[in-house]
Structures are given as structure tokens and as C-alpha cells.
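Trainee: Please go through this model with me, one question at a time.

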Amino acid sequence: MKFLSFKGGIHPPESKKATESLSIETARDPQKVIIPLHQHIGAPCQPVVKVKDHVKVGQMVGEAQGFVSAPIHSSVSGEVKEVAVRAIGGGREAVCVVIESDGKFEVHESVVSPGDYKLMESSEITKVIQEAGIVGMGGATFPTHVKLSPPAEKPIDTVIINGAECEPYLTADHRLMIESSGEIVEGLLIIMKAVGAEKGYIAIENNKPDAITTMLQAVSETPGIQVVSLQTKYPQGAEKQLIDACTGRQVPSGGLPMDSGVVVNNIGTAFQIAHSFRTGMPLVDRITTVTGTCISEPKNLRVRIGTSVADLIEQCGGYKETPGKLILGGPMMGIAQEMDEIPVGKGTSGILAFNENEAIIPDPVNCIRCGKCIDVCPIHLMPLMISENALKERMDEAEKYHAMDCIECGSCSYICPSKRPLVHSIRVAKSSIMAKKRQEKK
């Protein structure tokens with residue numbers, strides 16, 4: 001099998017050995033869940049329950065506001081104790097529904113199978129996905145129904161399911177491919193019907209040969225779907241890089257995958273779509289990898305949304321040494337946290353705890369103009385120039401160097417021998433540019 005790839009990228013240590021061979025375990029049922037009403041890109045939800053209400057599993061507790069939004073559902077049955085602003089990690093706050101579980105996990109009456117997707121129209125399929133609150137589960141949390149609703153002038157002919165899982169340490173998607181291959185293929189078929197695509201790819205990095213073998217067997221009698229092996233390289237799982245590797249197409253600057261006739265979805269998202277069609281259950285749990293040098297017993301856990309990160313770490317034997325850094329997501333694009341008393345959300349693909357030595361950030365020195373950041377940039381940008389202008393608050397100049405095309409993968413910061421804060425300053429530039437554009441629209 002040919003190993004597909006793209007130009008650029010880096011090769012950080014994979015660090016997956018601790019969990020790649022561990023079967024998915026079901027986490028202990030939480031006594032209390034804190035469910036944020038903003039777990040997706042787009043408008044936050046509005047609460048539709050109040051204190052003292054009794055709720056059931058799968059019941060909507062947050063109603064979507066607008067098209068780019070996704071409803072939120074309860075992951076337990078029990079009593080609503082609070083609807084209030086709470087810390088949700090990464091320095092952010094959101095309105096949360098706090099539910100005390102009654103331990104019964106009664107399923108709400110609205111949870112019923114929507115029927116055979118093969119008999120549905122595209123709009124009906126998309127509506128089911130929308131009402132199930134499904135978002136991108138690789139970490140981006142973009143509402144899936146929006147991805148599956150391209151304008152008529154942008155027809156989709158190809159769907160790619162992202163099984164690269166190129167972030168170090170994370171193995172949740174790897175285990176899901178091995179243990180639930182049938183659901184993933186079904187999820188891909190549902191997506192293909194929703195967008196009218198005839199071609200489907202399941203793209204997997206070649207450091208997961210067991211997953212490749214399992215998925216090849218799963219699609220052996222399914223026409224139109226191809227399993228492709230990707231060169232192990234970061235950020236192989238980024239949408240534009242996947243499209244380039246699998247189809248040879250280029251997403252235009254400032255464009256979206258649909259501009260090249262492609263839709264990309266994560267392995268976990270495909271699985272959840274199939275699960276929601278089979279059972280009617282909306283997105284109320286997910287697979288999360290809990291690992292890192294500070295975790296006593298790393299695991300892949302099936303976790304109810306709203307479960308405390310601290311509770312999950314305790315289920316993994318707790319910290320075996322003082323943590324220096326706690327990250328939700330992967331080490332390259334994940335977000336460092338100031339505490340572990342925060343809830344798991346729809347996009348929590350990993351919980352990583354590193355020791356104090358690993359958490360040390362080297363002091364930056366002057367750029368030596370080596371050009372390594374340019375060589376590895378998967379978008380073919382000039383990170384040093386964007387960063388330099390951002391640090392000097394010349395945001396208009398940063399925009400001229402296509403700052404908004406940066407995917408914030410962190411490859412430039414990783415490779416920089418001077419340890420310059422490249423991706424951090426580029427993020428600041430992007431935020432400033434977007435804020436200016438919003439202001440100009442008013």
C-alpha cells in the first residue's frame with residue numbers, strides 16, 4: 001500500500017505506547033455532571049431546564065441558537081441542581097447545567113431510532129445529525145450538520161474520514177477503529193448519502209497497521225469506499241493536508257474543504273453518527289485518552305459528557321508525581337489548563353498530564369533566520385514574518401503574509417531552534433485581525 005502524504009510537517013515522538021494496545025473501558029458513572037452549554041464553534045445554547053427539574057439521559061438541556069450551533073443533551077438522569085456560569089477550562093467560562101445523578105440512567109422518551117437512513121432524503125439525514133448535537137469530535141467541535149449542508153454551487157463528490165490521529169499520545173480514534181469498525185463504515189455511508197458523494201476514504205497513518213487491517217476488512221464488500229495509508233507525520237490529520245494527500249486537490253487560500261468538493265469528518269464523529277441512527281441517542285459520551293508521564297495508569301475511557309477531569313484522573317490511579325502541566329487535547333494543539341476541576345466536553349479527545357520538567361518552556365532567543373519554520377509549514381506560509389509583525393503589533397502586515405491561513409498546528413514552534421513563540425504570536429495576530437473585521441462590519 002502506498003503511503004500518502006503532503007509537503008512539510010514534522011516528526012515529534014509518537015508517545016502512544018502506553019495506551020495504543022489498551023481496550024476502551026467505560027468510566028465510572030459520575031455522581032454529578034457539569035454540562036457546558038457552549039461545546040461547539042458557533043452560538044452557545046440557551047438552557048431549557050431549570051433548577052429542581054428532573055431530567056433523563058438524552059434529554060435536551062440546551063437549545064441551539066441559530067444554524068451554526070448544536071443542541072446539548074443530558075448524559076445522566078437526575079435533578080438539575082444549578083444553571084450558572086462555571087469555569088470550563090482554558091481560562092473560559094460558560095453557562096453550565098449541573099445535574100446530580102440519581103444512578104438510574106433512565107433514557108428520555110425522545111430517544112428513539114430515526115429509522116433506516118437509506119430510505120431518507122439528504123435533508124432528513126442532516127436534521128437527525130443536527131438534533132443529535134453531533135460536532136467534530138477530533139477537537140475542533142464544528143457542528144457537523146453545517147459541514148453536511150454545502151451550498152448548491154459547491155457539490156461534494158468525496159468524503160474523507162480522518163483516522164490519522166497524528167497528535168502524539170492520543171489513541172482514542174485508534175482503539176475506536178479496532179473495536180467499532182462496522183459503525184465507522186456505516187457512519188461514512190450516512191455522511192456520503194447526506195452530501196451525495198460517491199467516493200469515500202478512510203485515511204489512517206501507517207503507525208496503526210492493526211487499524212488499517214481492521215478497516216480494510218470492514219470495507220471489503222462496500223463499493224465506493226477506500227482505506228488509504230498515510231505517512232506518519234504531523235499534522236497529517238489537518239483537513240487541508242488530508243485532502244491534498246488523498247485526492248491531490250488544493251483548498252484555496254481562505255477557502256473551505258467544500259471549495260474542493262470534499263467533506264472531512266473525524267473517526268469519532270462517524271461513529272457517533274452511526275450510533276445515533278441505530279439507537280436515537282444524541283451525543284452524550286465520547287472516547288477520551290487519559291495519559292502522560294504523571295498518570296499512574298493511562299487508559300482509553302468512554303466518558304459521559306460533563307464528567308470531571310479530576311474524577312477521570314483518579315480512575316486512572318491519580319497523579320504519580322506533581323503535575324507541571326495539564327492539557328486537554330493533544331500536546332501540539334491542545335489547551336493547557338489551570339486546574340482539573342473542569343468538565344469533559346464533546347471535543348475532549350485527550351487528557352494529558354506532564355511532570356514539572358516537561359512543562360518547562362525554554363526562553364526564546366533571537367531568530368537566526370534558518371528558515372526551518374518555512375520548510376515545515378504545511379500551509380507554505382512564512383511563520384517568522386507573521387510572528388515578527390504580530391509581536392510588533394503590525395497586524396495589517398501580518399495579514400499580508402496570510403496569517404489567517406495558519407492552522408495553528410504548532411509545527412513552526414516545535415522546529416524552531418531559537419524557541420521563538422511563533423504559533424502563539426500568530427494566534428494573537430489572527431484574533432486581532434478577526435476582531436478588526438467584526439468591528440468594520442458594525
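Trainee: How many salt bridges does the rule find across the interface of domain 1 and domain 2?

Mentor: This is a predicted model, where local features need pLDDT of at least 70, side-chain atom pairs count only at pLDDT 80 or more, and totals for chains, interfaces and linings use all residues. Residues are numbered from 1 along each chain as its sequence is written, and side-chain values use heavy atoms, with hydrogens and water left out. A salt bridge is a side-chain nitrogen of Lys or Arg within 4 Å of a carboxyl oxygen of Asp or Glu. Across the interface of domain 1 and domain 2, the number found by that rule is zero.

Trainee: How many residue pairs are in polar contact across that interface of domain 1 and domain 2?

Mentor: A polar contact is a pair of N or O atoms within 3.5 Å; within protein, one must be able to donate a hydrogen and the other to accept it, and residues adjacent in sequence count only if both atoms are side-chain atoms. With both residues at pLDDT 80 or more, the number of pairs across the interface of domain 1 and domain 2 is four.

Trainee: Where are the two domains in the chain, and what separates their centres?

Mentor: The bounds come from an automatic or database domain assignment, which gives domain 1 as 112-279 and domain 2 as 372-441. Taken over C-alpha atoms, the separation of the centres of domain 1 and domain 2 is 29 Å.

Trainee: Which three residues supply 58% of the area that domain 1 buries against domain 2?

Mentor: Buried area is the accessible area (1.4 Å probe) that two parts lose on being put together, summed over both. Between domain 1 and domain 2 it is about 520 Å², with 49% from carbon and sulfur atoms. On the side of domain 1, the 58% share, more than any other three residues supply, belongs to Tyr234, Pro235 and Gln241.

Trainee: Which residue in strand 7 is the bridge partner of Met60?

Mentor: Strands (E, at least two residues) are DSSP runs, as are helices (H or I, at least four), and both are numbered from the N terminus. Two strands pair if DSSP finds at least two bridges between them; strand 6 (residues 60-63) and strand 7 run antiparallel and are joined by two. The partner of Met60 in strand 7 is His73.

Trainee: Which strands stand at the edges of the open sheet with the order 4-6-7?

Mentor: That sheet has three strands, paired antiparallel. An edge strand here has a single partner strand, so one side of it is left without a neighbour in the sheet. The edges are strand 4 (46-47) and strand 7 (72-73).

Trainee: Which residue takes a positive phi in the hairpin of strand 8 and strand 9?

Mentor: Strand 8 pairs with strand 9 (residues 92-101) in the antiparallel sense over ten bridges, and one of the partnerships is Val80 with Ile99. Two residues lie between the strands of this hairpin, and the positive phi, near 65 degrees, is taken by Gly90.

Trainee: Which side chains make polar contacts of 3.0 Å with that of Glu408?

Mentor: Glu408 is in the loop between helix 11 (395-400) and helix 12 (411-415). Leaving out residues up to four places away in sequence, Glu408 touches (heavy atoms within 4.5 Å) Met333, Val423, Arg427 and Lys430. The 3.0 Å polar contacts are with Arg427 and Lys430.

Trainee: How many residues apart in sequence are the parts that Glu239 and Lys147 tie together?

Mentor: The structure holds 22 salt bridges, one of them between the side chains of Glu239 and Lys147 at 2.7 Å, N to O. Glu239 lies in helix 6 (residues 239-247) and Lys147 in helix 2 (residues 144-147), so the parts tied together are apart in sequence by 92 residues.
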